Amino acid sequence: MRIAIGQLWQETNTFNPTPTTRQDFEEFGVLRGRDLIEQMADTNELGGFIQSLRAWPEKPEIVGLVRLPAWPSGAATAATFDWIRDEVLGSLDLAAPCDAVLLALHGAMVSESEPDVEGAILEAVRQKVGPEVPIVATLDLHTNITEKMVRCASALVLYHTAPHIDVFETGQRGAALLRRILVDGVRPHMAWRKLPMVVPAERANTQDPASVSFALREMLQQLERQPGILAAGLATVQPWLDIPELGSAVVVVTDGDVARAQSECDKVARQVWKRRRDYLGDLVSVSDAVRIAFERHPEGLIVLSDCADATTSGSPGDSTWLLAELVKYDWQRPALVTLVSPEVVAEAQKLGVGGTHPGPLGGVRDHRFSKPLALATQVERLFDARFVLSGHLAKNLPIDMGPSVVLRHGMVRIVVTSRSGPHFAPLLFETAGIDPFTASVVVAKSPCGFRASYAPRAREILVVNAPGCAPPDFWKYEFEKIPRPLWPWDEIAEDAIML
Ligand SMILES: [Zn+2]
């Protein structure tokens, strides 16, 4: 038995003007064939696949296709999409014949030439392997599920958690479902329901009992444990995608029971639709957030979620809204903020530790919603932002944000990296020689995932309503291609959705 495994991992934010290119994938780490299997055996979904497949009594032969990862950013160029498709199809030619294909797709990837990259890849793979070979794909719950994805895959298996702490386990679930197909002979039937709604990511915390997402996660996991149900997932989608098929979706896979798949799917979809307003959260203005951080907790840590500039949401990571406000205060303990700027890193390296960087800072990559800040800072440290990420998003994922520096203005520390990456991660600050948990304030460029690290230790967390490429009030921004009506852009009558 030969099983081919591969990965495509990029989440697009169509508001980010910086395109995603082949070079971004190559810098993050493309792996092919045996290298993929050797190097990814304990990492993310691929690790979940590999360890599960190795534990099967049938001892299948595992064939590595290709691993194509790039950090969330703007839409991929047309040439990048063509290269991705060629890589996947070429690797399938090398791997043929295979009894099944197991793909770790992330979802929500868009290219200039193709709004539904995962759908197009699944379609190309299906054409290549034919109708009989099972294709099981895993996805982030922020994926935008499309008709093409459902039609071309045998089954889709979604993360259950946000913060994403079940990435490896989702790989295991995908492999387990594939084994039921190949060994137990189940015949997967996938039902789905697209809902005309998109919800903010900030309150969609599946680990917080007060969040609507907690109840829905429990509902899906209970469903998945029932006999005859092979998978159940809710894709609340990530909102910063101006594409024609944008919307949330529920997917239920049964063992051949068409009616049950649809009725269970609709049962979940009804709950999601009914409770959509529960996803709307409390937002704090930039000036209020920083003032509260300064005044309210002289002892503890306050975390400000700059979700609009979240690098995990594909934002450019060089917004200056929070930084401009932070430097107005005389902090007694460090106030930490991050910035993506290869130019500033290069300038600071030339100046050396102790040198004065004259500014300006930021507002270059995100030139639509932010502007450069005139600010002189002192170069405090040069370092390489390289570490292994576990927790939200990852299990043992190597991260390299390139040469980096710490700039200082009073007690405000600005951690500047050459490349985008997980700027919420405590390990980034620790690699820079700073303990984020003893800081007075940390600006986390993340809408929700940062909570996995900070919620247990922060005195307070505030979600800041700054402008940016991944705003929490996205429906107030200009979208041209999304389907309408779509909530919350449009009010839709409760009973207009017949489920
Ligand atoms: Zn996600």
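Which side chains meet in a salt bridge with N and O 3.0 Å apart? The side chains of arginine 408 and glutamate 380 do. They appear in one of the close-up views described below, which are taken from a predicted model.

**Figure 1. A salt bridge links arginine 408 and glutamate 380.**
The distance from N to O in this pair is 3.0 Å. Arginine 408 is in strand E14, while glutamate 380 is in strand E13 (residues 377-391), so the salt bridge ties together parts that are 28 residues apart in sequence. Arginine 408 has a relative accessible area of 27% and is therefore partly exposed. Glutamate 380, at 28% relative accessibility, also counts as partly exposed. Elsewhere, Glu27, Asp384, Arg386, Asp400 and Arg419 are joined into one network by salt bridges that share partners. In the whole structure, the search finds 33 salt bridges.

**Figure 2. Arginine 260 and glutamate 264 form a salt bridge within helix H9.**
Side chains of opposite charge can pair when their charged atoms come close. Here the separation, N to O, is 3.8 Å. The two residues are four apart in helix H9 (residues 258-274), which means that about one helical turn lies between them. Are arginine 260 and glutamate 264 buried or partly exposed? Arginine 260 has 23% relative accessibility and counts as partly exposed. Glutamate 264 has 11%, so this residue counts as buried; the cut-off for buried is under 20%.

**Figure 3. Arginine 180 forms a salt bridge with aspartate 184.**
The closest N and O atoms of this pair are 3.5 Å apart. Arginine 180 is partly exposed, at 32% relative accessibility. Aspartate 184 is also partly exposed, with a value of 45%.

**Figure 4. Three residues coordinate the zinc ion.**
Asp140 binds through OD, His142 through ND1 and His164 through NE2, at 2.0 to 2.1 Å. Along the chain, the donors follow the spacing D-x1-H-x21-H. Aspartate 140 belongs to the loop between strand E5 (135-139) and helix H6 (147-152), and histidine 164 to the loop between strand E6 (155-158) and helix H7 (167-182), so this pair ties together parts that are 24 residues apart in sequence. Are aspartate 140 and histidine 164 buried or exposed? Both are buried.

**Figure 5. The largest cavity holds about 220 Å³ of space.**
Its lining consists of 22 residues, and the closest to its centre are Glu11, His142, His164, Thr312 and His392. His142 and His164 are also among the residues that coordinate the zinc ion. By class, the lining has 10 nonpolar, 10 polar and two charged residues. The search of the whole structure finds four cavities of 30 Å³ or more.

**Figure 6. The second largest cavity has a volume of about 120 Å³.**
It is lined by 16 residues, and those nearest its centre are Leu141, His160, Thr206, Ser213 and Leu234. Helix H8 (212-225) and strand E8 (229-235) each give at least two residues to this lining. Which element supplies the largest share of the lining? That element is H8, with four residues. The lining divides into 10 nonpolar, five polar and one charged.

**Figure 7. The largest pocket has a volume of about 440 Å³.**
This pocket is lined by 24 residues, of which Asp24, Glu27, Trp71, Arg419 and Ser420 lie nearest its centre. Helix H1 (22-28) and strand E14 (394-409) are the elements that give two or more residues to the lining. By class, 11 residues of the lining are nonpolar, eight are polar and five are charged. Glu27 and Arg419 are also members of the salt-bridge network named under Figure 1.

**Figure 8. Six strands make up an open sheet.**
Strands of a sheet pair through backbone hydrogen bonds, either parallel or antiparallel. The order of the strands is E2-E3-E1-E4-E5-E6, and the pairing is mixed. Strand E2 (31-32) and E6 stand at the edges with a single partner strand each, so one side of each has no neighbour in the sheet. E2 pairs with strand E3 (residues 61-69) in the antiparallel sense, over two bridges. Which residue in E3 stands opposite arginine 32? Valine 66 does.

Definitions and conventions: Residues are numbered from 1 along each chain as its sequence is written. This is a predicted model: local features need pLDDT of at least 70, side-chain atom pairs count only at pLDDT 80 or more; totals for chains, interfaces and linings use all residues. Side-chain values use heavy atoms; hydrogens and water are left out. Donors are N, O and S atoms within 2.8 Å of the metal (3.2 Å for Na, K and Ca); water is not among the atoms, so sites may look incomplete. Buried means under 20% relative accessible area, exposed over 50%, partly exposed in between (1.4 Å probe, protein chains only). On a 1 Å grid over the protein atoms alone, a cavity is a set of points where a 1.4 Å probe fits but cannot get out, and a pocket is an open set with protein on both sides within 12 Å along at least five of seven lines; lining residues have an atom within 4 Å of a point. Grid points are joined across faces, edges and corners, and a volume is the space filled by probe spheres set on the points. Ala, Val, Leu, Ile, Met, Phe, Trp, Tyr, Cys and Pro count as nonpolar, Asp, Glu, Lys and Arg as charged, and the others, Gly among them, as polar. Two strands pair if DSSP finds at least two bridges between them. A salt bridge is a side-chain nitrogen of Lys or Arg within 4 Å of a carboxyl oxygen of Asp or Glu.
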